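I opened this notebook to record, entry by entry, what I looked up in the structure. The entries begin with a salt bridge and move from there to helices, strands and loops.

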Amino acid sequence: MADDVKGRPSIQGQDRVGYDLSLGYRLKLMFAAFWDSKVRGKILLLASILLAVILATAYGQVILNRWNAPFYDSLQRRDVGEFFHQLQVFALIAGSLLLMNVGQAWLNQMTALYMREGLTRDLVDHWLKRKRALRLASTGLIGVNPDQRLHEDARNLAESTTGLTLGLIQSTILLVSFIGVLWELSSGFVFHFRTYAFAIPGYMVWAAIFYAASASILSQIVGRKLVILNADRFSKEAELRFSLMHANENMPAITVARGEENERRRINEDITSVLAILKRLTMASTNLTWVSAGYGWLVIVVPIIVAAPAYFSGSLTFGELMMSVGAFNQVNTALRWYVANFAAIAEWRATLMRVTDFRHALHGMDEPINPKNAITYEDNADTLTLKNLMIAAKLGEEIDLCGGFAVRETDVTIRAGEKVMINGDHNVNRKLLFQALAGLWPCGSGKIGLPPADGMVFVPEVAYVPGGTLREALSFPEPVDTYNSEDVEAALQKAGLSHLIARLDTRARWDKMLDPDEQKGIGFARLLLARPRWIIFDEVLEGLEPEWQSTLMALLATLSDSTMVYIGRSEAYLETFNPRELHLHPLAAKIEQSAFPAAGTGTAHAPAPVI
């Protein structure tokens, strides 16, 4: 696979979930998302305060470690007065550390919250840029279940990045703080073996490094599969959640078709896949537990064993021995941070891979298309033109126009105010023409000239009714306060939806509460409010009850100044407007070209939104 940037694969590789992106490039993508975020200032402020709190906590822990020496020495001397004095000192130190621990916990969670906000908003902003989401959905596995990456993966990445970063910083500071203490306590000690005597400067430090390094290396060997297994787990769980959601959304159709058993088998197959990967993940985690738990138990006695020679020789008092044990444990904990967090790091890298793959793929949606391999789009003043337009019906290494179609009239000019119907044989996929005019299907050849995008509206066969209030649905895609209440109520009245006027400000799932004909009525009411200069319809009248057709035709008749292009067959539209007719016919020719992308345009023209 060719790379367009070092460590960054070209867009052709986007049908795979995992790319061969370098860790450095992935981190660069995430840093870019953070740096461009509106919450960057808040995160930097919280991070600065957190760093100050961590430094103060490390200083308090050094003081607490030094407190071990006089405290345990007082026990050895049975000095009751000194014992109670040291307890007072402990209360002061521990109280201060407790306050800093609570403050650090709050700062940690707030930093993770703002990190999540910045990352999620960044991903949503990139996903919903013009035509990206639709193009991504047709590129392969990377476009499946974007909700998982936008919600769960973004949350996991933000929280784990914050926790792991702060843990690493804290461990580094503790290491620097306590390694000097441990070096000082073990300096100058001379080992005696038979007639030989030798000294190892700071030998307790080297022992702690060896102990932690051996645990790290062993953990790396045993747990190396966890990254891939976690990535597979997230993918399989996303597929299961999608299957459940898809079945729930389509339960009426499934029930009518008596398809519950079929859906049960499908969902159980997804459950089996999830359980299989979880079993493998459980085994890998269990193997890692042998290392982490084993070294965890050994750490109880290893520091005492390491410091024992100096203690038995008289170089250390009992209090200094306990101080050495505390310092050894702090150094070991800091050095073994990687071991203790290996599973968390593996999960973090898996989540990072999924999020960065998604963000990288979104950027790839903006790659220009070779004009030789796509329909060419032009900007017109106030006309719509079709020149030698041929549309391919499918993609492949070789574009096959057998099954594709063309406009029989080779040079078409549609002027402002005209009413046009474009129909053809039943074996012609007219929806591809609608998508081509909207700039969503550039596969074919010829030229399309479009009027200004801000004056065009595309009305698909299946209406889209967003969530929220009915007033918001009628204003879509404009802000809710774009139209006044009188106009909104009048539009509903003319669309045959007067019974909904009283519920304009009710929040509900209107796509579930309204039947398909009523949802189409919402779309026509929008047209009456927006009054666009150009309207492109995609078979919206087919299948409607005659009463609904009459109502909607009467509504369209009030938009006499709008240019209307109806793709499909509708007797009601013919009778109302007596439109000019254009014809589509199937092609049997074959054009050998490179594969086209599934969406996009040949130029920078931005077609109008689809209602």
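Entry 1, a pair of charges. I began with D505, which counts as exposed because its relative accessibility is 55%, and I kept in mind that the model is a predicted one. The side chain of D505 meets that of R471 in a salt bridge, with 2.8 Å from N to O. D505 sits in the loop between α16 and β13 (507-508) and R471 in helix α15, so the pair ties together parts that are 34 residues apart in sequence. For R471 I noted a relative accessibility of 14%, so R471 counts as buried.

Entry 2, other salt bridges. I then went through the salt bridges as a group, and the count comes to 20. R430, K431, E461, D538 and E539 are joined into one network by salt bridges that share partners. I also looked up E418 and R580, whose side chains form a salt bridge at 3.0 Å, N to O. This pair links distant parts of the chain, since E418 is in the loop between β8 (411-415) and β9 (419-424) while R580 is in strand β16, 162 residues apart. E418 counts as partly exposed at 22% relative accessibility, and R580 likewise counts as partly exposed, at 30%.

Entry 3, helix α3. What span should the 48 residues of helix α3 have at 1.5 Å a residue? The expected value is 70 Å, and the end C-alpha atoms of α3 (residues 80-127) are 69 Å apart, which agrees. At the start of α3 I found a side-chain oxygen of D79 within 3.4 Å of the backbone nitrogen of G81. Further along, E117 forms a salt bridge with R121, with the closest N and O atoms 3.3 Å apart. Both residues lie in α3, four residues apart, about one turn of the helix. An α-helix has 3.6 residues a turn, so residues three or four places apart point the same way. E117 is partly exposed at 26% relative accessible area, whereas R121 counts as exposed at 53%.

Entry 4, annotated spans. The unreviewed UniProt entry carries the annotation "transmembrane region" for residues 43-63, 83-107, 164-183, 203-223 and 288-312. I checked residues 43-63, which are 100% helix and 0% strand, with the end C-alpha atoms 30 Å apart. Residues 164-183 are also 100% helix and 0% strand, and their end C-alpha atoms lie 28 Å apart.

Entry 5, S243. This residue lies in helix α7 (residues 226-249). Is S243 buried or exposed? At 17% relative accessibility, S243 counts as buried. Its side chain makes a polar contact with the side chain of D270 at 2.4 Å. Leaving aside residues up to four places away in sequence, S243 touches I267 and D270.

Entry 6, strand β11. In β11 (residues 456-459), M456 and F458 point one way and V457 and V459 the other way, and all are buried. Four bridges join β11 to strand β14 (residues 534-538), and the two run parallel. M456 stands opposite W534 in β14.

Entry 7, backbone details. The peptide bond from F476 to P477 is cis, with omega near 5 degrees, and P477 is in the loop between α15 (470-475) and α16 (485-494). E539, in the loop between β14 and α19 (546-557), has a positive phi near 50 degrees although not a glycine.

Conventions. Residues numbered from 1 in each chain as written. Predicted model: local features only at pLDDT ≥ 70, side-chain atom pairs only at ≥ 80, totals over all residues. Heavy atoms only, no water. Buried < 20%, exposed > 50% of the residue type's maximum accessible area, 1.4 Å probe, protein only. Pairing = 2+ DSSP bridges. UniProt positions renumbered as here; feature names shortened; annotations may be inferred. Expected span 1.5 Å × (residues − 1). Polar contact = N/O pair within 3.5 Å; in protein donor to acceptor, adjacent residues only side chain to side chain. Contact = heavy atoms within 4.5 Å. Salt bridge = Lys/Arg side-chain N within 4 Å of Asp/Glu carboxyl O.
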